[in-house]
Amino acid sequence: ASGMFKIESSYSEEDIIKAKENGTLEKLITPIDELFPNYPKIRLNEKQAQLVKNGVRIKFDTVLGKKYRLYDNFENFIAISESKDGVLVLKKSFWD
């Protein structure tokens, strides 16, 4: 095991090739936000999500120094942010 990954839940090369041929490859991929299960989820409204995407720090009632998973108003995972002085500071973005 390596962190949350276990050999029992891995896929063989044959499995991956078969999934690609069947058009089901995406089902084998772990969504990126699942790699941060200990970071609480914050759902932003449309305006807040746009501000975050533009690099603006937004005020939010959070725990100082804690990291959060941010989602837009369509439930798309967009970023990891850290709480500093009452605002969310962007640490890593995941939008296109």
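These are my notebook entries on one chain, and the model I looked at is a predicted one.

**Entry 1: the whole chain**

I began with the overall layout. I counted two helices and five strands in the chain. Going along the sequence, I wrote the pattern down as α-β-α-β-β-β-β. Next I looked up how spread out the chain is. Its radius of gyration is 17 Å, well over the 12 Å from the globule rule for 96 residues, so I noted the chain as more spread out than a compact globule. I also boxed the C-alpha atoms along the principal axes and got roughly 50 × 30 × 15 Å.

Then I checked cover and surface. Of the 96 residues, 25% count as buried. The chain exposes about 7,200 Å², and carbon and sulfur atoms supply 50% of that. Last, I looked at contacts between residues at least 6 apart in sequence: 45% of them join residues at least 24 apart.

**Entry 2: strand 3 and its neighbours**

How many of the residues of strand 3 are buried? I found four of the five, so to speak of residues 67–71 as mostly covered is fair, given that buried means under 20% relative accessible area.

Which strands pair with strand 3? On one side of my list is strand 1, residues 41–43, which pairs with strand 3 in the parallel sense over three bridges. The other entry is strand 4, residues 77–84, which runs antiparallel to strand 3 and is joined to it by five bridges.

I followed one residue, Tyr71, through both pairings. Tyr71 is the bridge partner of Arg43, and Tyr71 also stands opposite Phe77 in strand 4. I jotted down that strand 3 and strand 4 make a hairpin, with five residues between them.

**Entry 3: two odd phi angles**

I went looking for backbone angles that stand out. Most residues other than glycine have a negative phi. Glu75 is not a glycine, yet its phi is positive, about 70°. I placed Glu75 in the loop between strand 3 and strand 4, so this is the turn of the hairpin from my last entry.

Asp85 gave me a second case: its phi is positive at about 55°, and it is not a glycine either. I found Asp85 in the loop between strand 4 and strand 5, the latter being residues 87–93.

Is each of them buried or exposed? Glu75 comes out as partly exposed, with a relative accessible area of 37%. Asp85 counts as exposed, at 74% relative accessibility.

**Entry 4: salt bridges**

Side chains of opposite charge can pair when their charged atoms come close. I searched the whole structure and got three salt bridges.

What does Glu75 pair with? One partner is Lys41, with 2.8 Å from N to O. Glu75 sits in the loop between strand 3 and strand 4 while Lys41 sits in strand 1, so this pair ties together parts that are 34 residues apart in sequence. Another partner is Arg43, whose closest N and O atoms to Glu75 are 2.9 Å apart. That pair also links distant parts of the chain, Arg43 in strand 1 and Glu75 in the loop, 32 residues apart. I drew Lys41, Arg43 and Glu75 as one network of salt bridges.

I looked up cover for the two partners too. Lys41 is partly exposed at 45% relative accessible area, and Arg43 is partly exposed at 49%.

The remaining salt bridge I noted is between Lys91 and Glu82, at 3.6 Å from N to O. Here the two ends fall in separate classes: Lys91 is partly exposed, with a relative accessible area of 44%, whereas Glu82 is buried, with 14%.

**Entry 5: what I'd circle on the page**

I circled Glu75, which turned up in several lookups. Glu75 has a positive phi of about 70°, lies in the loop between strand 3 and strand 4, and belongs to the salt-bridge network with Lys41 and Arg43. I underlined Arg43 as well: its bridge partner in strand 3 is Tyr71, and its side chain forms a salt bridge with Glu75.

How values were computed. Residues are numbered from 1 along each chain as its sequence is written. This is a predicted model: local features need pLDDT of at least 70, side-chain atom pairs count only at pLDDT 80 or more; totals for chains, interfaces and linings use all residues. Side-chain values use heavy atoms; hydrogens and water are left out. Buried means under 20% relative accessible area, exposed over 50%, partly exposed in between (1.4 Å probe, protein chains only). Two strands pair if DSSP finds at least two bridges between them. A salt bridge is a side-chain nitrogen of Lys or Arg within 4 Å of a carboxyl oxygen of Asp or Glu. The radius of gyration is taken over C-alpha atoms; the globule rule is 2.2 Å times the number of residues to the power 0.38. Contact means heavy atoms within 4.5 Å. Accessible areas come from the Shrake-Rupley method with a 1.4 Å probe; for residues, only the protein chains shown count as cover.
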